[in-house]
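User: I would like to learn how to read the overall fold and the core of a model such as this one. Could you take me through the features in turn?

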Amino acid sequence: MSAGLKKYFIIAGEPSGDLHGGKLIKALKMLNPNSSFMGHGGDRMKDEGMHIIEHIDNLSIMGFFEVIKHLPRMSKIMNKTFKVIAKSKPDRVILIDYPGFNLRLAKKLSHLNIPITYFILPQAWAWKEKRVETMKKVIDQAISIFPFEAKWYESKKFNVEYLGHPFMDTEHIDESTKSFYERHLLNINEPILALLPGSRQQEIDRHWPIYLETVEILRRKLKNLQFVVGKSAHVNIPKCPEYLKVEQNAKKAMVVGTAALVSSGTATLECAIENTPMVVCYKLSPLSWIIAQLLINVKYSSIVNLIGNKKIVPELLQNGMTSNKLADELLPLLDLDSEKRKNMLSDFEDLKELLGSPGVYERTAELISKQT
C-alpha cells in the first residue's frame, strides 16, 4: 500500500461491530498512518479517530417488527449515507456485519465503482440464503470470522477469506484481579455468577426481569454466591439490587465469573474463550419469534454450539427462558467438581482450536490494504 492518504468509509451498526471496527481501524493505521476514516459506528471507532456520521445508538435495532417500525428513519439514513459516500469518494467502503442495512447500501453503491470489503459476513447460512447472489454482484472482498461459514460460502461459489476469529486476540485488562475484587467488595474465595443480559436496551427490557427471578432462586440455594453484572454502554439496567455488582467492562465480568448467564450473541463466544461455563438465553417479541421460527434454518442459537456443531452449552429460548430452568442449568456449572462443568470446559478447548491464532485484525488490515 502506498504512503499516500487513503480514505475509508466504514459502517458498523451494532456494539459488536463497533468493537471490531475500532480494532480494524487501529490495524489499518499501523500500516498507513495517513489513512482517514469516516462512517457509522460507536465510541470505539470514534476513539480510533473515525469521524462518526451516525452513531450506533441510532442504528441498533433487534427484531422483525422493530425493524419495520423504524423503516422510514432508516431509509433517510440510507439516502444520507449514499450521498456522503458519492460526494467524498473514499478509496474503499468497509461493511461490518449489519446486513439488512449494509447489503442494501452495497447495491446502491454498485455503479460508483468504489471497491467494497465485507468484514464479518451476513449469516446467510442461517436465513436469507439468496443474499449470497447479491453479495456475488456487489462485494469485491469478503472476510469471514467463522471456519464453517467460509466453507458454506465457498460451496455457494462465493470466494471468502477466513483469517481466524478476532476474539482469539488477547485483550489486556487494565486491572488486577485483586483490585477488581476490592473495588466491588467481593470475596475471592466464593463463587461468582456473571450476568450478561445483552448489549441493546430491547434485550435488557425483555431479559432483566427473568434474570432477577433467577438470581433470587440461586441466592436461596447458594448462600455464598456473588453476582457481577456486565453492563454495556448506553443501556439502562433498572431495579438493580445492591448485592448485584455492576461492572461497566463486560469482559471483566466474564473473566471473574465462575459461571455466566448470557444473552445469545457474541458474548457467548467471549465466555467460551475465557473458559467461563455458561447458560445461553434469549427472548424476542412474540411476533418476531414466530417469524424467526419460520425463517431461520439452523440447529442452534448460540455461536458456540454452531461452531462446535453440537450442543456444548444449554440454550433456553423464548418460552423456555424461565427462571426455574435457568437456575437448574446454572447450579451444576457453579460446582467446580461437576461433570457437566468439566465437559463444557473440555469442549471449549476443542472450540478454540478451530478459531485460529491471534493477529486477525492485522491480517485483515493487510489483506484490505493490498487491494486498496
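Analyst: Let us begin with burial, keeping in mind that this is a predicted model. A residue counts as buried when its relative accessible area is under 20%, and by that criterion buried residues make up 54% of the 372 residues in the chain.

User: How many helices and strands does the chain have, and why is the chain described as being as compact as a globular protein of that length?

Analyst: There are 16 helices and 13 strands in the chain. Compactness is judged by setting the radius of gyration against the globule rule; here the radius is 21 Å, close to the 21 Å that the rule gives for 372 residues, so the chain is as compact as a globular protein of that length. Along the principal axes, the C-alpha atoms fill a box of roughly 65 × 45 × 40 Å.

User: What share of the contacts with a separation of 6 or more comes from residues 24 or more positions apart?

Analyst: Residues 24 or more positions apart account for 67% of those contacts in the chain.

User: Which residues of the largest nonpolar core touch the most other members, and which helix gives the largest share of this core?

Analyst: A nonpolar core joins buried residues through side-chain atoms within 4.5 Å. In the largest one, which holds 116 residues, I139, L195, L269 and M278 touch the most other members, while helix α9 (residues 201-221) supplies the largest share, eight residues. Leaving aside residues up to four places away in sequence, L195 touches several residues, including W208, Y211, V215, F227 and L261.

User: What about the surface and the charges?

Analyst: The accessible surface comes to about 17,200 Å², of which 53% belongs to carbon and sulfur atoms. The chain carries 50 positive and 42 negative side chains, and the centres of these two sets lie 7 Å apart.

Terms used. Residues numbered from 1 in each chain as written. Predicted model: local features only at pLDDT ≥ 70, side-chain atom pairs only at ≥ 80, totals over all residues. Heavy atoms only, no water. Helix = DSSP H or I, 4+ residues; strand = E, 2+ residues; numbered from the N terminus. Rg over C-alpha atoms; globule rule 2.2 N^0.38 Å. Buried < 20%, exposed > 50% of the residue type's maximum accessible area, 1.4 Å probe, protein only. Contact = heavy atoms within 4.5 Å. Areas by Shrake-Rupley, 256 points an atom, 1.4 Å probe, with all protein chains shown as cover. Lys, Arg positive; Asp, Glu negative; His and termini not counted. Charge placed at Lys NZ, Arg CZ, Asp CG, Glu CD.
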